[in-house]
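Thank you for making time this morning. I would like to take you through one structure, beginning with its aromatic rings and then turning to the ligand and to some details of the backbone.

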Amino acid sequence: MQSINTVTALAREGTIAFVIVNSPPVNALSRLVREGLIAAMDLVERDDHVNATILVCDGRTFIAGADISEFGQVVHGPTFKDVQNSMDSARKPIIAAIHGTALGGGLEVAMCAHYRIAESSARLGLPEVALGLVPGGGGTQRLPRLIGVERALDMVTSGRPIDAHKAFEYGLIDKIAPEGQLRNAAIRLARKVLADGAPIRRTRDNDEKLARDRLQPIFARFRQKANFGKFEAPYDAVRCIEAATDLPFDKGIEFERAIFETRKASPQSAAQRYAFFAERKAAKIPDVPNDTPSVPISHIGIIGAGTMGCGIAMCFANAGFPITIVERAPDILERGLSAIKGNYNQSVMRGRLSPEQASNRSRLITGSILPTDLSSCDLIIEAVFERMDIKQDVFATLDRVAKPDAILATNTSYLDVNTLAQSTTRPDRVLGMHFFSPANIMKLLEIVRGDKTAKTVLATAMRLAKQIGKVGVVVGVGPGFVGNRMLFQRTREAQEMILEGATPWEIDRVLKDFGFPMGPFQMSDLAGLDLGWVREESKGATLRDRLNEIGRHGQKSGAGYYDYVGGRKGIPSAVTEQIIRELMALKGATPRKLSDQEILQRSIYPMINEAANILLEGKALRASDIDVVWLNGYGWPAYRGGPTYYADRIGLSAIVGQIRNYGWAVSPLLEKLGEDGKCFADLSA
Ligand code: COA
């Protein structure tokens with residue numbers, strides 16, 4: 001093997017050369033990788049004993065993209081375009097041999113190769129829109145040439161990778177290699193290409209599919225049904241693919257590059273790139289390094305077959321874990337299990353799962369009414385009614401029936417995890433695992449670290465979160481932890497605003513315009529107004545009390561803040577407006593018009609203020625963790641980075657000023673940062 005530089009090497013197998021990239025962790029296209037690739041391609045071209053090249057990567061993946069950390073900085077050394085030019089000018093066939101994830105720039109490199117082979121577990125995609133970008137290395141010009149316009153539009157605007165089988169079906173790769181046999185299979189493919197005298201097949205020259213698609217009204221159809229909300233990048237991606245059909249290749253590349261540069265400089269992309277790194281930072285716990293041993297988990301127990309318990313069971317079943325779910329009464333258990341089956345059946349009907357996948361997942365979930373059936377579980381999560389005494393009883397029982405080293409987790413959304421831990425003889429093995437509804441869909445998992453939670457237990461929960469596709473964020477014990485604690489502030493202020501004259505529909509509209517998928521009142525109708533509401537204790541003092549008292553519990557009862565007529569779309573309700581008027585009359589308040597700006601500030605600023613308190617109390621490790629919570633659990637628009645990122649853009653002293661105007665208590669941390677002209681990001685720096 002001949003080393004080219006620290007991250008690239010050349011090897012030979014007869015007349016076939018291997019260009020090998022080895023740049024951990026994900027072989028991103030850093031300056032060194034670009035330099036190495038160009039030098040290696042040059043050597044191969046000049047070597048008369050080589051007649052084909054296989055481009056392959058060591059480590060866990062093929063090139064996973066451009067080096068995102070270079071964005072926003074001056075780029076040194078050869079550009080990505082130089083790499084592509086060196087591949088495009090090659091006179092010997094290049095075969096990209098793909099394993100892991102060929103994403104973004106990785107797939108763009110692979111598309112410059114003349115042939116592609118991928119391991120069956122490989123995934124290929126252009127996820128740039130998730131970073132507020134469009135592909136900048138010819139992805140929007142080469143992909144439609146390989147797989148046609150319609151499929152390219154779908155892949156590029158969704159950013160969703162496809163698996164090797166689909167890639168083969170689409171014509172993105174030429175062959176699937178059996179697992180673990182990529183290099184040998186690539187050699188066989190190279191030899192076949194040589195033996196057949198197959199031509200150098202440059203993607204850029206292949207206009208066949210474009211010519212076919214050019215005559216179709218594909219773009220008009222696509223734009224009509226597209227719904228990207230306020231995300232700008234997908235719309236730009238469509239323009240780039242359109243350019244591929246309208247312009248000669250080199251002009252198309254220029255067009256794409258110009259759009260890429262504009263996007264890279266856009267506030268949306270800056271925010272989305274921040275969110276990407278924030279998510280990765282959240283996985284790091286300063287006093288629990290990555291090599292902290294974790295507890296092996298093979299069997300999961302769940303107590304409670306309600307909506308949350310069943311959703312959590314599905315999360316684990318989807319990742320292949322066997323689960324035992326325990327309920328008190330057989331009929332409630334049965335209802336839960338059939339809800340799970342129903343959910344899987346729906347996924348089959350929507351084409352998201354094959355019938356076989358659905359039945360395999362269902363089969364992993366066993367029901368029982370005996371807590372003793374949890375005795376072999378390594379982790380037991382309780383998801384019972386949100387009351388301390390009930391949960392304490394459950395924990396005491398679990399402590400008796402569970403293996404001595406089993407981890408006990410609570411899915412509480414606001415109760416004191418330390419108090420719960422005290423109901424057991426193993427507080428070091430207790431923690432919170434707060435899933436968000438619907439648990440099988442929402443990506444956030446707040447991992448609540450109790451005073452006594454052992455580091456191995458915390459490390460185990462973080463590892464599990466990743467295994468089941470969740471974004472785990474460590475939070476401290478305190479009412480509502482991070483997410484709900486901030487949500488509570490927004491809800492409180494929303495209730496205030498409606499008693500001053502803003503309608504629920506106005507508030508919802510302003511927050512939807514800001515980028516949330518729904519506003520607070522729509523969210524409440526969806527979750528159920530009676531969540532945590534107790535009829536016997538209701539004093540009819542708030543709008544929510546009064547609506548609940550007359551049976552308006554939200555969507556499920558056909559009425560809540562909104563009216564629902566045979567669907568999920570709420571209609572502003574005269575009943576709700578009447579109750580608001582009554583409550584205002586009781587207060588002696590005269591309605592006034594609140595501007596959209598006031599509604600927005602009074603919704604978001606209390607959250608920012610609370611975020612500062614959370615940081616001050618050490619209940620979140622870093623400001624960016626708070627953003628990760630809101631991005632993944634509450635629908636904060638990714639293009640606005642998260643509450644603290646957003647606050648930093650506005651300027652903290654301006655926010656402090658407004659908070660004073662509204663008469664709220666300013667968080668001492670926010671006040672200090674504002675006075676010092678600093679921002680949340682400075683805290684981690
Ligand atoms: N550029 C720079 N760094 C990158 C990177 C990229 N394109 N992709 C991943 N990384 C880094 C991460 O920041 C992380 O660094 P850290 O360990 O210092 O925190 C490390 O690589 C591992 O990433 P992680 O996401 O934790 O690993 P994973 O195995 O779960 O996922 C990927 C791997 C490649 C699927 C995922 O990282 C990913 O989606 N990357 C982005 C790919 C992309 O968008 N490419 C197009 C760029 S234009």
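Across the whole of this predicted model, a search for aromatic pairs returns 19 of them. One of these joins phenylalanine 222 to phenylalanine 228, with 6.3 Å from centre to centre and 40° between the planes, so that the pair is classed as tilted, since an angle has to be over 60 degrees for edge-to-face and under 30 degrees for stacked. Both partners, phenylalanine 222 and phenylalanine 228, are buried. A second example is the pair of phenylalanine 316 and phenylalanine 321, which is edge-to-face, with the centres 5.7 Å apart and the planes at 80°. Here too I can give the accessibility of each partner: phenylalanine 316 has a relative accessible area of 0% and is buried, while phenylalanine 321 has 7% and is likewise buried, because the limit for that label is under 20%.

Beyond individual pairs, there is a cluster held together by ring pairs, and its members are Phe436, Phe514, Phe516, Trp630, Tyr634, Trp636 and Tyr646. One member of that cluster, phenylalanine 514, also has a charge over its ring, for the charged end of arginine 640 sits there at 4.2 Å from the ring centre. A comparable arrangement is found at phenylalanine 276, where arginine 280 lies over the face of the ring, 3.7 Å from its centre.

Arginine 280 leads us to the ligand, as Arg280 is listed among the closest residues around it, together with Arg60, Ala66, Lys284 and Lys466. How many residues surround the ligand in total? The count is 20, and by class they divide into 11 nonpolar, three polar and six charged residues.

Which backbone atoms come into polar contact with the ligand is a question I would like to answer residue by residue. For alanine 64, a polar backbone atom is 3.1 Å from a nitrogen atom of the ligand. For alanine 66, a backbone N or O atom lies 2.8 Å from a ligand nitrogen, and for isoleucine 68 the corresponding distance, again from a backbone N or O atom to a nitrogen of the ligand, is 2.9 Å. As for how much of the ligand is covered, it exposes 860 Å² when taken alone, and the protein buries 74% of that area. Two elements give two or more residues to the surrounding shell, namely strand S6, which covers 101–103, and helix H12, which covers 267–282. Of the contributions to that shell, the largest share comes from H12, with three residues.

Let me now turn to two charged residues away from that topic. Aspartate 625 is in helix H25, residues 623–633, and is it buried or exposed? Its relative accessibility is 1%, and therefore aspartate 625 counts as buried. Its C-alpha atom is separated by 15 Å from that of arginine 273, and the two residues are 352 residues apart along the chain. The other residue is arginine 145, which belongs to helix H4, residues 139–147, and which is also buried, at a relative accessible area of 2%. The side chain of arginine 145 reaches the backbone oxygen of glutamine 141 at a distance of 2.9 Å.

Finally, some points about the backbone. Most residues other than glycine have a negative phi, and most peptide bonds are trans, so the exceptions deserve a mention here. The bond from proline 24 to proline 25 is cis, with omega near 0°, and proline 25 is placed in the loop between strand S3 (16–21) and helix H1 (31–46). The loop between S3 and H1 also holds asparagine 27, whose phi is positive, at about 55°, although it is not a glycine, and which is buried with a relative accessible area of 2%.

A second cis bond runs from serine 437 to proline 438, with omega near -10°, and proline 438 lies in the loop between strand S16 (430–435) and strand S17 (444–449). A positive phi is also found at phenylalanine 481, near 50°, in the loop that connects strand S18 (471–476) with helix H19 (483–498). With a relative accessible area of 1%, phenylalanine 481 is buried.

Note on methods. Residues are numbered from 1 along each chain as its sequence is written. This is a predicted model: local features need pLDDT of at least 70, side-chain atom pairs count only at pLDDT 80 or more; totals for chains, interfaces and linings use all residues. Side-chain values use heavy atoms; hydrogens and water are left out. Rings of Phe, Tyr and Trp (its six-membered ring) pair if their centres lie within 6.5 Å; planes under 30 degrees apart count as stacked, over 60 as edge-to-face and the rest as tilted. Buried means under 20% relative accessible area, exposed over 50%, partly exposed in between (1.4 Å probe, protein chains only). A charge sits over a ring if NZ of Lys or CZ of Arg is within 6 Å of the ring centre and within 35 degrees of the ring normal. A residue is near a molecule or strand if one of its heavy atoms lies within 4 Å of it. A polar contact is a pair of N or O atoms within 3.5 Å; within protein, one must be able to donate a hydrogen and the other to accept it, and residues adjacent in sequence count only if both atoms are side-chain atoms. Accessible areas come from the Shrake-Rupley method with a 1.4 Å probe; for residues, only the protein chains shown count as cover. Helices (H or I, at least four residues) and strands (E, at least two) are DSSP runs, numbered from the N terminus. Ala, Val, Leu, Ile, Met, Phe, Trp, Tyr, Cys and Pro count as nonpolar, Asp, Glu, Lys and Arg as charged, and the others, Gly among them, as polar.
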